[in-house]
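Please open the model in your viewer and keep the selection tool at hand. The tour below goes from one stop to the next, saying each time what to select and what can be found there.

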Amino acid sequence: GPLGVQNLLASTRFPSLCNLSVYGNGMGVLSSRVLASSSIFSNLSVLDIASNQIGVPGVQTFVSAAQCSQLTTLDISNNGIKAEGVLALTASPNFPKLSSLTIWGNELGACGVQALAEWTNFSRLTHLDI
């Protein structure tokens, strides 16, 4: 659950962790904040936080963290981020290495899909699942 995820993210016992999946663990907004400030986050190249209902505030928190610049694969599907969350993602300069984005199940709407289509960091993207 969320408390377990927060304890994991606060741990300093995983300095070499590069792939993290916390799919469906009920993270929520608070755990997103813990993730954004976690030392684990700066080494991750793969992050799967699908089905955690982090919502717009959660995605805004972690996409603004400079530590996410190592991510090559990001799965934020089924999190209730809507178009506003996509706008935060596409406005962030913190994803220069992102090559795979999974974002289905978020009610992106026309505005969210348009933001993805106009994203300037799209050049490295080889996989997109909306």
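In what follows, the axis of a helix is a line fitted to its C-alpha atoms over the stretch in contact, and the angle between two axes is taken between their N-to-C directions, running from 0 to 180 degrees. Please also bear in mind that this is a predicted model.

**First stop: α2 beside α3**

Select α2 (28-37) together with helix α3 (residues 55-63), and turn the view until you can look along both. The two helices pack at an angle of about 0 degrees, and their axes are 8 Å apart. Since angles under 35 degrees count as roughly parallel, α2 and α3 are therefore roughly parallel to each other. Now show the side chains where they meet: α2 brings Val 29, Ser 32, Arg 33 and Ala 36, while α3 brings Pro 57, Gly 58, Thr 61 and Phe 62. Sorted by class, this contact of α2 with α3 has four nonpolar residues, three polar ones and one charged one.

**Second stop: α3 beside α4**

Keep α3 selected and add helix α4 (residues 82-91). Here the angle is about 5 degrees and the axes lie 9 Å apart, and α3 and α4 are therefore also described as roughly parallel to each other. On the α3 side, the residues to pick are Val 56, Val 59, Gln 60 and Val 63, and on the α4 side they are Glu 84, Gly 85, Ala 88 and Leu 89. The residues of this contact of α3 with α4 divide into five nonpolar, two polar and one charged.

**Third stop: the cover around α3**

How many of the nine residues of α3 are buried? Seven of them are, and α3 is thus described as mostly covered. To see them, select Gly 55, Val 56, Gly 58, Val 59, Thr 61, Phe 62 and Val 63; these buried residues pack against α2, β3 (73-75) and α4.

Stay for a moment with Gly 55, which is found in helix α3 and has a relative accessible area of 12%. Because buried means under 20%, Gly 55 counts as buried. Leaving aside its neighbours within four places in sequence, Gly 55 is in contact with Asn 79, Gly 80 and Ile 81.

**Fourth stop: a pair of rings**

Next, select Phe 41 and Phe 62, which form the one aromatic pair that the structure holds. Their ring centres are 6.3 Å apart and their planes stand at 75 degrees, so the pair is edge-to-face. Phe 41 lies in the loop between α2 and β2 (46-48) and Phe 62 in α3, so the pair ties together parts that are 21 residues apart in sequence. Are these two residues buried or exposed? Phe 41 is buried at 0% relative accessibility, and Phe 62 is likewise buried at 0%.

**Fifth stop: Ser 38 in the loop**

Move along to Ser 38, which is found in the loop between α2 and β2 and, at 5% relative accessibility, counts as buried. A polar atom of its side chain lies 3.0 Å from the backbone nitrogen of Ile 40.

**Last stop: Thr 90**

Finally, select Thr 90, which lies in helix α4 and counts as buried at 16% relative accessibility. Which residues is Thr 90 in contact with, leaving aside its neighbours within four places in sequence? They are Ala 115, Leu 116 and Trp 119.

Terms used: Residues numbered from 1 in each chain as written. Predicted model: local features only at pLDDT ≥ 70, side-chain atom pairs only at ≥ 80, totals over all residues. Heavy atoms only, no water. Phe/Tyr/Trp six-rings, centres within 6.5 Å; stacked < 30°, edge-to-face > 60°. Helix = DSSP H or I, 4+ residues; strand = E, 2+ residues; numbered from the N terminus. Buried < 20%, exposed > 50% of the residue type's maximum accessible area, 1.4 Å probe, protein only. Parallel < 35°, antiparallel > 145°, perpendicular 65-115°, else oblique. Contact = heavy atoms within 4.5 Å. Nonpolar A, V, L, I, M, F, W, Y, C, P; charged D, E, K, R; others polar. Polar contact = N/O pair within 3.5 Å; in protein donor to acceptor, adjacent residues only side chain to side chain.
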